[in-house]
Amino acid sequence: MNLPSWAVATPERRAHVARVAGLIDQWAVAMRAPEGERARWAKAAWLHDALRDAPAADELAHGPAAADRAAQEGENDPGVLDAVRYHSLGYAHWDDVGRMLYLADFLEPGRSFDREARAALAARVPAERDAVLVEVAERRIAWTVSSRWALAPETTAFWNALVAG
Ligand SMILES: [Fe+2]
């Protein structure tokens with residue numbers, strides 16, 4: 001698989017997307033995900049940042065833009081589209097695709113911060129996916145709060161659903 005033909009992404013972005021797709025596939029194998037599920041995870045990974053470097057894109061707009069474009073191009077898997085749409089914010093109603101993408105986007109090895117801690121989290125995903133998901137959400141949300149940025153309603157709903165078990 002690869003980025004869609006309509007992607008607007010720098011070489012650095014393409015390298016990030018390829019690492020996300022690589023990590024998510026590694027997890028799919030380790031977790032013995034069925035072939036169809038493995039393909040859904042891959043699709044979400046390759047789509048999620050496809051418009052991240054488009055002229056109108058920003059941190060919050062690029063997920064919805066990519067999901068809308070993918071739907072126009074014929075993607076009709078709601079789980080894949082929700083994974084892409086909300087990958088920056090979190091989403092309370094995600095199936096496994098959204099959860100795996102949220103994890104892989106943050107834990108892929110190319111990001112320069114907290115390398116060792118993130119690698120340790122990535123290694124735990126196959127055996128304890130949901131526990132790691134709470135830890136990753138905690139880190140991502142703590143970063144937003146410590147930056148004095150507003151939390152989107154989708155993010156608080158995601159967190160509340162996670163801690164409600
Ligand atoms: Fe990403």
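Just after helix H7, arginine 148 takes a positive phi of about 60 degrees, although arginine 148 is not a glycine. Helices here are DSSP runs of H or I with at least four residues, numbered from the N terminus. The model is predicted, so that local features need pLDDT of at least 70 and side-chain atom pairs count only at pLDDT 80 or more, whereas totals for chains, interfaces and linings use all residues. Residues are numbered from 1 along each chain as its sequence is written, and side-chain values use heavy atoms, with hydrogens and water left out.

Arginine 148 is found in the loop between H7 and H8. With a relative accessible area of 73%, arginine 148 is exposed; buried denotes under 20% relative accessible area, exposed over 50%, and partly exposed the range in between (1.4 Å probe, protein chains only). Arginine 32 also has a positive phi, of about 50 degrees, although arginine 32 is not a glycine. Arginine 32 lies in the loop between H1 and H2 and counts as exposed at 73% relative accessibility.

Helix H7 spans residues 129-146 and has 18 residues. From its first C-alpha to its last, H7 reaches 26 Å, close to the 26 Å expected at 1.5 Å a residue, where the expected span is 1.5 Å times one less than the number of residues. The buried residues of H7 are Arg129, Val132, Leu133, Val136, Ala137, Arg140, Ile141 and Thr144. Seen down the axis of H7, these buried residues fall within an arc of 160 degrees, so they line one face of the helix; the arc is that of the directions from the helix axis to the C-beta atoms. An α-helix has 3.6 residues a turn, so residues three or four places apart point the same way. The buried residues of H7 pack against helix H5 (96-107), helix H6 (115-124) and helix H8 (153-163), contact being defined as heavy atoms within 4.5 Å.

Helix H5 has 12 residues and reaches 16 Å from its first C-alpha to its last, close to the 16 Å expected at 1.5 Å a residue. H5 is mostly covered, with 11 of its 12 residues buried; among them are Met100, Tyr102, Asp105 and Phe106. The buried residues of H5 pack against H1, H2, helix H4 (78-85), H6, H7 and H8. At the N-terminal end of H5, aspartate 95 acts as a cap: a side-chain oxygen lies 3.0 Å from the backbone nitrogen of valine 97. A polar contact is a pair of N or O atoms within 3.5 Å; within protein, one must be able to donate a hydrogen and the other to accept it, and residues adjacent in sequence count only if both atoms are side-chain atoms.

Asp105 of H5 is also a donor to the iron ion, which is coordinated by His16 (NE2), His48 (NE2), Asp49 (OD) and Asp105 (OD) at 2.1 to 2.4 Å. Donors are N, O and S atoms within 2.8 Å of the metal (3.2 Å for Na, K and Ca); water is not among the atoms, so sites may look incomplete. The four donor atoms subtend angles of 85 to 166 degrees, which makes the arrangement irregular. Four donors count as tetrahedral if all angles lie between 85 and 135 degrees; four count as square planar and six as octahedral if opposite donors are over 155 degrees apart and all others between 65 and 115; anything else is irregular. Along the chain, the donors follow the spacing H-x31-H-D-x55-D. The two histidines link distant parts of the chain, 32 residues apart: histidine 16 lies in helix H1 (residues 11-30), and histidine 48 in the loop between helix H2 (35-47) and helix H3 (62-72). Both histidine 16 and histidine 48 are buried.

Glutamate 108 lies in the loop between H5 and H6 and is buried, with a relative accessible area of 1%. A polar atom of its side chain lies 2.5 Å from the backbone nitrogen of glycine 110. Leaving aside neighbours within four places in sequence, glutamate 108 is in contact with His16, Arg19, Val20, Leu23 and Arg118.

Leucine 121, in helix H6, is buried with a relative accessible area of 3%. Beyond neighbours within four places in sequence, leucine 121 is in contact with Leu107, Val132, Glu135, Val136 and Arg139.
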